[in-house]
Amino acid sequence: MHDLKDYIEKNRDRFLEELFELIKIESISSREDHKDDMYRAAEWIRESLLRKGADKAEVCETEGHPVVYGEKLVDKKLPTVIIYGHYDVQPVEPLELWKSKPFEPEIRDGKIYARGADDDKGQMFMHFAAFEYMVSTGQLPCNVKFMIEGEEEIGSPSLGSFLKENREKLAGDVILVSDTAMLGAETPSITTGLRGLSFCEVHVTGPNRDLHSGLYGGAVANPINILCDMISSLIDKDGKITVKGFYDDVEELPKEEREMMARAPFSEEDYKESIGVKALHGEKGYSALERTGIRPSLDVNGIWGGYTQKGAKTVLPSEAHAKISMRLVPNQNSEKITRLFRDHFLSIAPDYVKVDVEFLHGGEGYVSPVNTPEYQAASKAYEKTYGMKPVPYRSGGSIPIISMFEHILGIKSILMGFGLESDAIHSPNENYPLSQFFKGMETIPHFYKFFAEMK
Ligand code: BES
Ligand code: MN
Ligand code: MN
């Protein structure tokens with residue numbers, strides 16, 4: 001693979017042009033009005049895979065947004081790598097905070113700015129480019145399958161059935177995913193853990209209509225006040241979640257593993273500075289990396305009710321609502337936690353309001369072992385391009401489908417992410433450094449080579 005760097009250098013501008021084409025398609029999976037864009041993005045991927053050397057690529061219908069499947073099978077006797085990625089993106093609001101338009105990619109200060117620049121169009125495209133290189137130079141050392149979905153950002157509701165219906169087609173040795181982050185641009189790392197998720201919406205209803213806050217205020221419970229009380233009781237002064245039974249299945253990590261985690265090159269000072277807070281806050285007795293990596297958490301993602309437009313309106317609202325997400329650690333079960341949360345939340349509701357808990361989506365966490373051929377191959381691949389052995393670390397994010405790959409297909413995943421914390425995924429001004437984009441592209445073919453040798 002002596003020609004790898006050269007190949008990337010020579011095709012740099014074209015790779016960027018291609019990625020920009022994909023980014024321009026507004027494939028926001030959570031929005032009904034973008035349904036057509038989901039098909040346009042899927043079709044773009046199908047054609048791109050064929051151009052890059054896949055023998056076959058198809059847009060597969062599901063109950064929701066389509067999955068794109070592609071393959072190049074060179075030899076039955078060789079191992080098979082399955083690439084997973086997602087072409088859907090998160091909504092872009094608040095628009096006014098973007099310096100350039102979210103779907104008009106722009107390069108500034110060596111970074112691509114756009115929705116999906118990192119998560120996951122940019123990271124996914126590195127695999128397309130790496131595949132093109134290996135095929136066109138005759139250096140593909142194994143079989144490759146692509147499974148690119150359009151519902152990751154909404155909890156992959158259709159991918160489970162897709163896996164069950166296509167078990168044979170999806171036979172393979174490992175699932176390779178670039179949809180996570182490294183600890184820093186100079187700190188290559190491999191994600192060895194993801195958190196699970198339970199995402200709920202809660203509704204509190206008081207009087208049968210919005211009331212005059214002068215005529216009724218003081219005599220009738222205000223649903224927003226009540227909701228705030230209920231929410232604030234969910235976490236105690238030590239940062240522990242008060243939902244009954246919540247910690248029952250949480251595994252305490254052995255001392256040695258925690259000591260190893262503490263050695264990860266991570267600076268709480270830089271972390272605080274990068275997000276503009278004076279102090280960190282969370283569960284007592286754990287470091288920041290532990291609080292996101294090995295401990296569960298509970299957060300309000302949005303809260304609304306009453307009058308929120310410009311100016312004043314003296315109203316005592318009839319309803320209050322909030323979106324609440326719980327991040328879970330491996331061994332906690334998302335369905336069980338949702339049940340515990342619902343029971344608890346209903347049990348703390350005072351009788352002067354009506355409370356409903358609605359489950360939106362969820363999924364299980366994942367831990368990836370480090371003593372596997374895929375981990376070793378990934379480790380050597382990073383070392384080759386970054387000149388340093390990557391550190392294993394557990395991320396706080398979730399990709400629920402990863403545990404389903406293991407349970408339905410019986411295949412483990414390796415999370416070779418190249419994102420950086422500063423990429424602002426899901427936020428305004430999402431970006432992806434060109435250096436990570438091209439380094440990722442360079443690392444991937446090495447993974448294939450080492451993996452094929454070890455298998
Ligand atoms: N790519 C992210 C997950 C991620 C990012 C993991 C960085 C580790 C490091 C993924 O697209 C994502 O945003 N997942 C959602 C879950 C989904 C069910 C909405 C998340 O974590 O909020
Ligand atoms: Mn993603
Ligand atoms: Mn995401």
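Buried, as the word is used in these legends, means under 20% relative accessible area. All views are taken from a predicted model.

**View 1. The manganese ion (ligand 3) and its donors in the predicted model.** Aspartate 119 has a relative accessibility of 6% and therefore counts as buried, and glutamate 153, with a relative accessible area of 14%, is likewise buried. The manganese ion (ligand 3) is coordinated by Asp119 (OD), by Glu153 (OE), which is listed twice, and by His426 (NE2), at 2.1 to 2.5 Å. Six donor atoms surround the manganese ion (ligand 3), and with angles of 55 to 154 degrees among them the site is irregular. Along the sequence, the donor residues of the manganese ion (ligand 3) are spaced D-x33-E-x272-H. Distant parts of the chain are linked by the pair of aspartate 119, in the loop between strand E5 (111-113) and helix H3 (121-136), and glutamate 153, in the loop between strand E6 (143-149) and helix H4 (159-165), the two being 34 residues apart.

**View 2. The manganese ion (ligand 2) and the aspartate that it shares with the manganese ion (ligand 3).** The manganese ion (ligand 2) is coordinated at 2.0 to 2.5 Å by His86 (NE2), by Asp119 (OD) and by Asp179 (OD), the last of these listed twice. Because its six donor atoms subtend angles of 56 to 164 degrees, the arrangement around the manganese ion (ligand 2) is irregular. The donors of this ion, the manganese ion (ligand 2), follow the spacing H-x32-D-x59-D along the chain. Aspartate 119 coordinates both the manganese ion (ligand 2) and the manganese ion (ligand 3), which are 3.6 Å apart. Aspartate 119, in the loop between E5 and H3, and aspartate 179, in the loop between strand E7 (174-177) and strand E8 (189-194), are 60 residues apart and link distant parts of the chain. Both aspartate 119 and aspartate 179 are buried.

**View 3. Cis peptide bonds at aspartate 120 and at proline 94.** The bridging residue of the preceding view, aspartate 119, is joined to aspartate 120 by a cis peptide bond with omega about -5 degrees, and aspartate 120 is found in the loop between E5 and H3. Another cis peptide bond, with omega about 0 degrees, joins glutamate 93 and proline 94, and proline 94 has its place in the loop between strand E3 (80-86) and strand E4 (106-108).

**View 4. Positive phi values at serine 156 and asparagine 429.** Serine 156, a residue other than glycine, has a positive phi near 50 degrees; serine 156 lies in the loop between E6 and H4 and is buried, with a relative accessible area of 4%. Asparagine 429 is not a glycine either, and its phi is positive at about 60 degrees. The loop between strand E17 (413-415) and strand E18 (431-433) holds asparagine 429, which is buried at a relative accessible area of 15%.

**View 5. Serine 368 and its contacts.** Serine 368 is placed in the loop between strand E15 (366-367) and helix H10 (373-386), where its relative accessible area of 9% makes it buried. Neighbours within four places in sequence aside, serine 368 is in contact with Thr191, Thr192 and Ser413.

**View 6. The contact of helix H1 (residues 4-23) with helix H2 (residues 35-51).** The axes of the two helices come within 10 Å and cross at roughly 155 degrees, and H1 and H2 are therefore roughly antiparallel to each other. Glu18, Glu21 and Leu22 of H1 make the contact with Ala41, Trp44 and Ile45 of H2; by class, the contact of H1 with H2 has four nonpolar, no polar and two charged residues.

Key
Residues are numbered from 1 along each chain as its sequence is written. Chains are lettered from A and ligands numbered from 1 in the order in which they are written. This is a predicted model: local features need pLDDT of at least 70, side-chain atom pairs count only at pLDDT 80 or more; totals for chains, interfaces and linings use all residues. Side-chain values use heavy atoms; hydrogens and water are left out. Donors are N, O and S atoms within 2.8 Å of the metal (3.2 Å for Na, K and Ca); water is not among the atoms, so sites may look incomplete. Four donors count as tetrahedral if all angles lie between 85 and 135 degrees; four count as square planar and six as octahedral if opposite donors are over 155 degrees apart and all others between 65 and 115; anything else is irregular. Helices (H or I, at least four residues) and strands (E, at least two) are DSSP runs, numbered from the N terminus. Buried means under 20% relative accessible area, exposed over 50%, partly exposed in between (1.4 Å probe, protein chains only). Axes are lines fitted to C-alpha atoms, for helices over the stretch in contact, and angles run from 0 to 180 degrees between N-to-C directions. Angles under 35 degrees count as roughly parallel, over 145 as roughly antiparallel, 65 to 115 as roughly perpendicular and the rest as oblique. Contact means heavy atoms within 4.5 Å. Ala, Val, Leu, Ile, Met, Phe, Trp, Tyr, Cys and Pro count as nonpolar, Asp, Glu, Lys and Arg as charged, and the others, Gly among them, as polar.
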